[in-house]
Amino acid sequence: MSQGPRSGLAAVSSALLAMSRHLEVRDVLKTIVASARELLDAQYAALGVPDDHGGFAQFVVDGVGEEQWKAIGPLPRQHGILAAMLQEARPQRLADVRKDPRFEGWPSAHPEMSDFLGLPVRDGDEVLGALFLANKNCARPQGVCGFTEDDEELLAILAQHAAIALTNARLYERSRELTIAEERSRLAHELHDAVSQKLFSLRLTAQAATALVDRDPARAKGELQQVAALAAEAADELRAAVVELRPAALDEDGLVATLRTHIQVLDRAHAARVTFTSRGVRALPAAQEEALLRVAQEALHNALRHSGAQRVEVTLGKRGPGTVLRVTDDGGGFDPTTVRRAGRHLGLVSMRDRASGVGGTLTVESAPGKGTTIEMEAPGG
C-alpha cells in the first residue's frame with residue numbers, strides 16, 4: 001500500500017476490529033462506512049442496502065452533516081452508478097463521476113462529488129449492499145483520479161469483511177427475534193397458568209361470598225377479604241408480565257438510565273427507600289444489558305414484596321473486565337439452601353438462567369434476619 005505496510009496493516013486491523021465489535025445491523029453499517037472513509041481518507045462515504053422495490057431499505061452516510069442530509073431529501077433509488085454496482089457486481093472507479101454517461105444528477109442540497117470509488121458488498125452470489133467513497137483528500141493533478149488501484153484493493157478487502165460482519169449482524173438480529181418470540185410464548189403460558197387460575201379462584205370466591213351475604217355475613221366478609229387478596233395477586237402477576245414485555249427503553253436509553261428511571265419509580269411507589277448508584281459502566285452488548293435489567297427487576301420485586309425491607313440499595317459497577325450488579329436489602333432474609341431445594345421460589349432459578357445465558361454468574365447471600373444480597377457479574381463493560 002502507498003502508506004507503507006506497517007501503517008497500512010495497522011489501519012486495516014483497526015477497521016476490521018471496529019466492525020467486529022458490533023452486533024446490531026445499523027451499528028455495523030455505520031462502522032463500515034466510517035471505517036472505509038477513514039481508511040481511504042475520503043471526504044464522503046456511503047453504504048446502501050437495497051430493497052426489493054428499486055430503492056434502498058437502509059442508506060448510511062459519513063461526512064455529510066445531519067441538517068444537510070435532511071435537506072437532500074428521500075433515499076436515492078437504484079439508478080445510475082449505484083444500480084451499476086448492484087447489478088454488475090464489480091468495482092466502479094472514476095476520475096469524475098459527473099462525466100460518466102450513467103450519471104443522472106443529484107438533489108440541489110447534495111454535496112459536490114468528483115472522483116469516485118464504489119463496489120458491491122457481497123456474500124457469495126448475494127449482493128448485500130453498495131459501498132462507495134468520493135473526493136479523496138489528496139492532491140489531484142488535472143485528469144487524474146484521486147483513488148488508486150491500491151485504494152480499490154484495500155476497499156475490496158474491507159468489503160469482504162464488511163459482508164461477514166453484516167451477515168453475522170443479521171443472523172444475530174434474527175436470533176434475537178426468535179428469542180423474543182420464545183419469551184412471549186413463555187409469558188403467555190405463565191399468564192395462563194398463574195393469572196387465569198387466580199382469576200378463576202377469584203370468581204368462585206366472589207360467588208361464594210354472594211351466596212353467604214344474607215345467611216352468614218361474617219363468613220361472607222371473610223370470602224370478600226379473600227377476593228381482595230386474590231385480585232392483588234393477579235394484579236402483581238399482570239404487572240410482572242408487562243414489565244417482562246417492555247424492555248424497549250434499553251434500546252433508547254441504555255442500561256444505566258433505564259435502571260435509574262425504574263428505581264426512581266419504585267422509590268416513589270413503596271415505603272422502603274430504594275437507591276441506585278452506577279460507577280464507570282459503559283454500554284454492554286444488548287443481551288447482557290437485558291439480562292442485568294431482568295435480574296435487577298426480579299431482585300427488587302422480591303425485596304419490596306416479600307422481605308419487609310426498609311432500605312434497598314442497587315449498585316452497578318466495574319470489577320476487572322466485567323460488570324457487577326448488586327441488589328442489597330435489610331429485610332427478613334432467608335436460608336438459601338432451603339430455597340434452593342424449594343425450586344423456583346423467589347425466581348432464583350430464573351435469575352441464574354438469565355445470568356448463565358450471557359456468560360455471567362449469580363450469587364446469593366442471605367440468612368434469616370440478616371437481609372439479602374443478590375449479585376450478578378457479566379463479562380462485558
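Two strands pair if DSSP finds at least two bridges between them. By that rule β4 and β5 pair: 8 bridges join them, and they run antiparallel. The model is predicted. This briefing covers strand β5, helix α4 and one residue of helix α8, Glu289.

**Strand β5 and its partners**
- β5 pairs with β1 as well, in the antiparallel sense, over 6 bridges.
- Ala130 of β5 is the bridge partner of Gly48.
- Ala130 is also the bridge partner of Pro120.
- β4 and β5 form a hairpin, with 2 residues between them.
- Gly124 lies in that turn and has a positive phi of about 65 degrees.
- β5 is largely enclosed by the rest of the structure, because 9 of its 11 residues are buried.
- In a regular strand the side chains alternate between the two faces of the sheet.

**Asn135**
- Asn135 is found in strand β5.
- Its relative accessible area is 7%. Buried means under 20%, so Asn135 counts as buried.
- Asn135 and Asp41 are 94 residues apart in sequence. In space, their C-alpha atoms are 8.8 Å apart.

**Helix α4**
- α4 spans residues 80-88 and is mostly covered, with 7 of its 9 residues buried.
- Those buried residues are Gly80, Ile81, Leu82, Ala83, Ala84, Met85 and Leu86.
- The buried residues of α4 pack against five strands by name: β1 (42-50), β2 (56-62), β3 (92-94), β4 (116-123) and β5 (126-136).
- The strands that α4 packs against thus include β4 and β5, the two that form the hairpin.
- Ala89 follows α4 and has a positive phi, near 55 degrees.

**Glu289 in helix α8**
- Glu289 sits in helix α8, which covers residues 286-305.
- Is Glu289 buried or exposed? Its relative accessibility is 9%. That is under the 20% cut-off, so Glu289 counts as buried.
- Leaving aside neighbours within four places in sequence, Glu289 is in contact with Leu250, Gly254, Leu255, Ala283 and Leu284.
- An α-helix has 3.6 residues a turn, so residues three or four places apart point the same way.

**Points to check in the structure**
- Start at Ala130 in β5 and find its bridge partners Gly48 and Pro120.
- Then go to Gly124 in the hairpin turn and Ala89 after α4. Positive phi values are found at Gly124 and at Ala89.
- Finish with two buried polar side chains to view, Asn135 and Glu289.

Definitions and conventions:
Residues numbered from 1 in each chain as written. Predicted model: local features only at pLDDT ≥ 70, side-chain atom pairs only at ≥ 80, totals over all residues. Heavy atoms only, no water. Helix = DSSP H or I, 4+ residues; strand = E, 2+ residues; numbered from the N terminus. Buried < 20%, exposed > 50% of the residue type's maximum accessible area, 1.4 Å probe, protein only. Contact = heavy atoms within 4.5 Å.
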